[in-house]
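Student: Please take me through the charged side chains, slowly and close up. I'd like to know where each one sits and what it pairs with.

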Amino acid sequence: MYPIQRNRRLRSSESLRTMLHECSLNPNDFIVPLFVIDGKQKKEEISSMPGYYRMSIDLLPKHIKNLWSLGLKSVLIFVKVPDDLKDNKGTEALNPDGLMQRAIKTVKDAVPKMVVMTDVALDPYSSYGHDGIVEKGNILNDPTVNILSKISLTHAQAGADVIAPSDMMDGRVLKIRELLEAENYVNTVIMSYSVKYASGFYGPFRDALNSAPNFGDKKTYQMDFRNRKEALIEAKRDIKEGADIVMVKPGMAYLDVISELSKNVDAPIATYQVSGEYAMLKAAAEKGWVDHNQIMIEQLISFKRAGASLIATYFAEQAVKLI
Ligand code: PBG
């Protein structure tokens with residue numbers, strides 16, 4: 001009790017504060033999302049994500065070497081698919097020589113030790129912009145899951161280390177795991193976007209890949225943001241189905257969910273600080289209303305404090321330069 005105990009004692013010097021801090025950031029914590037396009041020497045800034053770019057595949061080797069030299073250990077690949085290659089059955093997603101499969105090889109050739117993660121979902125390949133096959137306005141679960149497992153196999157064959165299904169279909173982790181095992185990809189990691197909410201925070205990402213749904217929304221497969229118990233159900237089922245890492249997405253508005261999972265599941269937890277979170281900070285900082293770097297680090301630390309061990313973030317490169 002005061003004055004025998006004073007909370008401020010341990011805050012009284014920089015050295016004490018540094019010695020006693022509970023959480024820190026390390027380059028190993030980060031996953032760097034990459035937006036890859038076809039073509040040559042193309043680097044296009046995403047208008048709603050200032051300072052973040054879509055990049056043609058030929059620019060990847062230099063970029064990847066640079067990320068590695070900063071201590072970053074993993075990238076998460078997304079591709080932007082031209083409209084004429086989109087359909088309702090993921091044909092291009094299965095192409096062993098498709099942009100994703102070539103991007104995986106390119107990254108692995110540039111820096112073999114870089115952990116290559118791939119986003120698995122149909123939306124960038126879908127003429128409807130949905131994560132599954134569409135029939136009469138419905139998103140079909142089981143036929144989609146079949147295709148997702150085949151897509152995942154092409155990623156593993158191209159050299160992906162980690163398959164990250166982001167579609168929120170039921171049972172996809174099991175199907176992917178079974179196929180990978182059957183084909184002897186026994187060490188391919190599955191990082192499931194287990195707890196992915198139907199969120200307004202994905203807007204800028206959908207601009208980046210031109211992948212917004214052209215009818216309806218994603219609420220029949222992505223989670224209702226009013227729910228927390230459901231998060232545990234999703235994560236536990238995915239782990240049973242063979243997921244090695246479970247992810248919570250978006251990040252900032254879902255710290256309670258990260259914390260809940262970190263107390264209740266044994267698998268490592270990743271979180272994804274998504275495009276809208278990036279855009280909001282950039283916009284406020286551009287206006288001069290907040291201190292960009294202070295808030296960036298504060299938010300990233302909050303994920304660690306909540307219990308995440310991996311953070312997918314568009315700030316990775318900037319953050320490692322500060323820590
Ligand atoms: C695709 C996918 C999305 C994101 C990652 N994978 C968008 C969506 O589900 O609509 C969002 C990432 C971000 O906003 O940064 N299934």
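Tutor: Let's start on the inside: Asp 123 and Lys 218 are both buried. Keep in mind that this is a predicted model. The two side chains meet in a salt bridge, with N and O 3.2 Å apart. Asp 123 is in the loop between β5 (115-120) and β6 (133-135), while Lys 218 is in the loop between α6 (203-209) and α7, so their pairing ties together parts that are 95 residues apart in sequence. There's a third member too: Asp 123, Asp 131 and Lys 218 are linked in a network of salt bridges.

Asp 131 now leads us to another lysine. Lys 196, found in strand β9 (residues 189-196), is buried but has no salt bridge, and its nearest side chain of opposite charge is Asp 131, 4.4 Å away. A salt bridge needs the side-chain nitrogen and the carboxyl oxygen to be within 4 Å, so at 4.4 Å Lys 196 and Asp 131 don't make the cut. What does the side chain of Lys 196 have by way of a polar partner? A polar atom of that side chain lies 3.0 Å from the backbone oxygen of Ser 166.

Back to the bridges themselves. The structure holds 15 of them, and I'll pick out two more. In one, Arg 54 pairs with Glu 44, and their closest N and O atoms are 2.8 Å apart. Here the partners come from two strands, Arg 54 from β3 (residues 49-56) and Glu 44 from β2 (residues 43-46), so the bridge joins parts that are 10 residues apart in sequence. Are these two buried or exposed? Buried means under 20% relative accessible area. Arg 54 has 12%, so it counts as buried; Glu 44 has 28%, so it is partly exposed.

While we're at Glu 44, try finding Glu 14. Glu 14 is in helix α1, and its relative accessibility is 54%, so it counts as exposed. Glu 14 and Glu 44 are 30 residues apart in sequence, and their C-alpha atoms are 42 Å apart in space.

The other bridge I'd like you to look at is between Arg 228 and Glu 260, whose side chains meet at 3.9 Å, N to O. Arg 228 sits in the loop between α6 and α7 and Glu 260 in helix α8 (residues 255-264), so this pair links distant parts of the chain, 32 residues apart. Both ends are in the middle category for exposure: Arg 228 is partly exposed at 41% relative accessible area, and Glu 260 is partly exposed at 23%.

Step along from Arg 228 to Lys 229, which lies in helix α7 (residues 229-241). With 74% relative accessibility, Lys 229 counts as exposed. Its C-alpha is 8.8 Å from that of Val 257, although Lys 229 and Val 257 are 28 residues apart in sequence.

Now for charges that gather with others of their own sign. Arg 6, Arg 8, Arg 9 and Arg 11 make up a patch of positive charge on the surface. One of them, Arg 6, belongs to the segment before α1 (14-20) and is partly exposed, at 43% relative accessibility.

For contrast, find a patch without charges. Leu 10, Met 19 and Leu 20 form a nonpolar patch on the surface, and together they have about 340 Å² of accessible area. Leu 20 is in helix α1, where it is partly exposed at 45% relative accessible area.

One last stop takes us from side chains to the backbone. Most peptide bonds are trans. The bond joining Lys 249 and Pro 250, though, is cis, with omega about -10°. Pro 250 is in the loop between β10 (245-249) and α8. Another cis peptide bond runs from Tyr 2 to Pro 3, with omega near 0°, and Pro 3 lies in the segment before α1.

Definitions and conventions:
Residues numbered from 1 in each chain as written. Predicted model: local features only at pLDDT ≥ 70, side-chain atom pairs only at ≥ 80, totals over all residues. Heavy atoms only, no water. Patch = residues over 30% accessible without salt bridge, like charges linked within 9 Å, V, L, I, M, F, W, Y side chains within 5 Å. Areas by Shrake-Rupley, 256 points an atom, 1.4 Å probe, with all protein chains shown as cover. Lys, Arg positive; Asp, Glu negative; His and termini not counted. Charge placed at Lys NZ, Arg CZ, Asp CG, Glu CD. Helix = DSSP H or I, 4+ residues; strand = E, 2+ residues; numbered from the N terminus. Buried < 20%, exposed > 50% of the residue type's maximum accessible area, 1.4 Å probe, protein only. Polar contact = N/O pair within 3.5 Å; in protein donor to acceptor, adjacent residues only side chain to side chain.
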